[in-house]
Amino acid sequence: MTDVDELRDIVDWQNGLVAPAVHFDEDLYRIEADRVFNRAWLVVGHEDMVRKPGDYVTNYMGEVPVIVVRDAGGQIRVLVNRCSHRGNQVCLFDRGNVKGFTCSYHGWSYGLDGALTGAPMEQMLYRGELDKSAWGLEEVAKVANFKGLLLASFDPAAPALEEWLGEDVRWWLENFVLAGPLGGLEALPGWHRYRSPGNWKLISENFIGDDYHVF
Ligand code: FES
């Protein structure tokens with residue numbers, strides 16, 4: 001199922017109906033992974049989680065593991081959690097404060113900005129020819145802070161966040177989710193983590209107001 005018309009057929013927006021494929025079709029999920037998670041702005045954290053230089057949290061953008069980190073200069077970056085050498089995850093923890101990241105596989109090390117800073121036995125193995133500037137961690141193209149909420153997009157051509165959200169969603173986020181009129185939100189340490197062996201939309205729907213359950 002890759003044709004746009006086929007996608008339109010399974011969502012009857014005029015009558016408020018969707019086909020079961022929306023929640024269960026593997027091909028459709030793969031299309032979403034490309035067209036939604038690889039392009040859209042996605043929430044990756046809150047600035048309270050990374051207050052100090054070296055603070056980081058790990059998260060996922062779609063199926064891609066990422067590190068949200070405040071670098072030494074205070075800039076919040078989102079780095080793909082995948083070593084440039086053989087693809088191992090360079091950060092194996094949920095959150096913490098570090099001076100850099102060292103891969104547990106062969107020991108390549110990276111700065112808070114994702115730059116490759118060292119490789120064990122560099123002179124012997126690479127004869128001084130390793131161009132470290134070309135082997136840093138991949139950095140997610142766009143990062144934005146919307147009143148404390150951190151969002152990122154893999155798409156370098158993505159529109160500015162506020163434009164992408166649009167006026168209505170901006171209002172809803174600011175006034176309802178982030179409780180702006182009440183003084184805003186503070187993110188406290190700790191996690192509430194949900195694992196669900198189902199389609200991502202089932203979880204999303206439940207968190208935005210599916211109260212239609214049998215107790
Ligand atoms: S995979 Fe990270 S150093 Fe080899």
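Me: Two strands are said to pair if DSSP finds at least two bridges between them. Which residue in S9 is the bridge partner of Phe101?

Reply: This is a predicted model, in which local features need pLDDT of at least 70 and side-chain atom pairs count only at pLDDT 80 or more, while totals for chains, interfaces and linings use all residues. Residues are numbered from 1 along each chain as its sequence is written, and side-chain values use heavy atoms, with hydrogens and water left out. S8 and strand S9 (residues 109-111) pair in the antiparallel sense over three bridges. Within S9, the bridge partner of Phe101 is Tyr110.

Me: How many helices and how many strands does the protein chain have?

Reply: Both kinds of element are DSSP runs numbered from the N terminus: helices are H or I runs of at least four residues, and strands are E runs of at least two. On this basis the protein chain has six helices and 12 strands.

Me: Which strands stand at the edges of the open sheet S8-S9-S10?

Reply: This sheet has three strands, with antiparallel pairing. An edge strand has a single partner strand, so one side of it is left without a neighbour in the sheet. The strands in this position are S8 (100-102) and S10 (116-118).

Me: By how many degrees are neighbouring strands of the sheet S3-S12-S11 turned against each other on average?

Reply: The three strands of this open sheet pair in the antiparallel sense. Its edge strands, S3 (42-46) and S11 (142-146), each pair on one side only. Angles run from 0 to 180 degrees between N-to-C directions, and axes are lines fitted to C-alpha atoms, for helices over the stretch in contact. With direction ignored, the average turn between neighbouring strands of this sheet is 30 degrees.

Me: Which helix packs on this sheet?

Reply: A contact means heavy atoms within 4.5 Å. The helix touches S11 and S12, and its direction makes about 25 degrees with that of S11. It spans residues 161-177 and is named H5.

Me: Which residue of S12 stands opposite Val43?

Reply: Strands of a sheet pair through backbone hydrogen bonds, either parallel or antiparallel. S3 and strand S12 (residues 149-153) pair in the antiparallel sense over four bridges. Opposite Val43 in S12 stands Leu151.

Me: Which residue in the turn of the hairpin formed by S11 and S12 has a positive phi?

Reply: S11 and S12 run antiparallel and are joined by five bridges, and Val143 has Ala152 as its bridge partner in S12. Two residues lie between the strands of this hairpin. The residue in question is not a glycine, although its phi is about 50 degrees. In the loop between S11 and S12, this residue is Lys147.

Me: Is Arg127 buried or exposed?

Reply: Arg127 lies in the loop between helix H4 (122-126) and S11, and its phi, near 55 degrees, is a positive value in a residue other than glycine. Buried means under 20% relative accessible area, exposed over 50%, and partly exposed in between, with a 1.4 Å probe and protein chains only. Lys147, with a relative accessible area of 48%, is partly exposed. The value for Arg127 is 57%, and Arg127 is therefore exposed.

Me: What percentage of the 215 residues in the protein chain is buried?

Reply: The C-alpha atoms of the protein chain fill a box of roughly 65 × 45 × 35 Å, taken along the principal axes. Among the 215 residues of the protein chain, the buried share is 34%.
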